[in-house]
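Please look over the sequence and the model shown here before reading on. The report after it takes up the fold, the surface, the strand pairing and one loop residue.

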Amino acid sequence: MEALLDAAFGSDRRGRTAYAIRGPARAIAAFSFASIVDGALLGSIQCFPVQLRHDEGGATPLVMVGPVAIRADCQGQGHGRALMAASLGAARAAGVDALMLIGDPDYYGQFGFTAARTALWRAPGPVERHRLLALGDGAPDVAGMLGPA
């Protein structure tokens, strides 16, 4: 899986803001999936426990969706959509109602992710505001810092 992630995001991916938000947390196995055909890994999705530490005190636990990685020669074939559907379905079945990610709003908007609640959120590194997305009524519209759970 590491080779797939390196190919999708570059070997310097661990320096990205998403990695700082997740910290050393392990992926949530119940919400993380792989697309495997004939023994070959075509794609994967991982989800991590994170939190939004509110400026006014307290924190909201969130599930960070991603990374979502699809092998270059398999993109556009529905693997990403299938992995997102599986992950979001598992999270909903577990009662999770606060998810977030950093990604393309046009793509992730089809799953209900928007930047409507994230305007006051901060990240421990650079992030394009329109790419900081949330899903679910449990995602708060409050000022705070994203970080490891």
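The sections below go from the whole chain to a single residue.

## Overall fold

This is a predicted model. The chain holds four helices and seven strands, and, read from the N terminus, its elements follow the order α-α-β-β-β-α-β-α-β-β-β. The radius of gyration is 15 Å, close to the 15 Å that the globule rule gives for 149 residues, so the chain is as compact as a globular protein of that length. Along the principal axes, the C-alpha trace spans about 50 × 35 × 25 Å.

Of the contacts in the chain with a separation of 6 or more, 60% are made by residues that lie 24 or more positions apart.

## Burial, surface and charge

Of the 149 residues in the chain, 40% are buried. The accessible surface comes to about 7400 Å², and carbon and sulfur atoms contribute 54% of this area.

The chain carries 13 positive and 13 negative charges, and the mean positions of these two sets are 4 Å apart.

## Strand pairing

Strand β2, which covers residues 40-54, is joined to strand β1, residues 33-37, by five bridges in an antiparallel arrangement. Within this pairing, Ser 35 stands opposite Gly 43 of β2. The hairpin formed by β1 and β2 has two residues between the strands, and Asp 38 in this hairpin takes a positive phi near 50°.

Strand β2 is also joined by five bridges to strand β7, residues 144-148, and these two strands run antiparallel. Here Val 50 has Pro 148 in β7 as its bridge partner. Strand β7 pairs in addition with strand β5, residues 121-122, through two bridges, and in this case the strands run parallel; Trp 121 stands opposite Gly 144 in β7.

## A residue in the loop before β5

Is Ala 115 buried, partly exposed or exposed? This residue sits in the loop between α4, residues 105-108, and β5. Its relative accessible area is 32%, and because buried means under 20% and exposed means over 50%, Ala 115 counts as partly exposed.

With residues up to four places away in sequence left out, Ala 115 touches Arg 129, His 130, Leu 132 and Leu 133. Pro 105 lies ten residues from Ala 115 along the chain, and the C-alpha atoms of the two are separated by 7.9 Å.

Technical notes. Residues are numbered from 1 along each chain as its sequence is written. This is a predicted model: local features need pLDDT of at least 70, side-chain atom pairs count only at pLDDT 80 or more; totals for chains, interfaces and linings use all residues. Side-chain values use heavy atoms; hydrogens and water are left out. The radius of gyration is taken over C-alpha atoms; the globule rule is 2.2 Å times the number of residues to the power 0.38. Buried means under 20% relative accessible area, exposed over 50%, partly exposed in between (1.4 Å probe, protein chains only). Contact means heavy atoms within 4.5 Å. Accessible areas come from the Shrake-Rupley method with a 1.4 Å probe; for residues, only the protein chains shown count as cover. Lys and Arg count as positive and Asp and Glu as negative; His and the chain ends are not counted. The place of a charge is taken as NZ of Lys, CZ of Arg, CG of Asp or CD of Glu. Two strands pair if DSSP finds at least two bridges between them.
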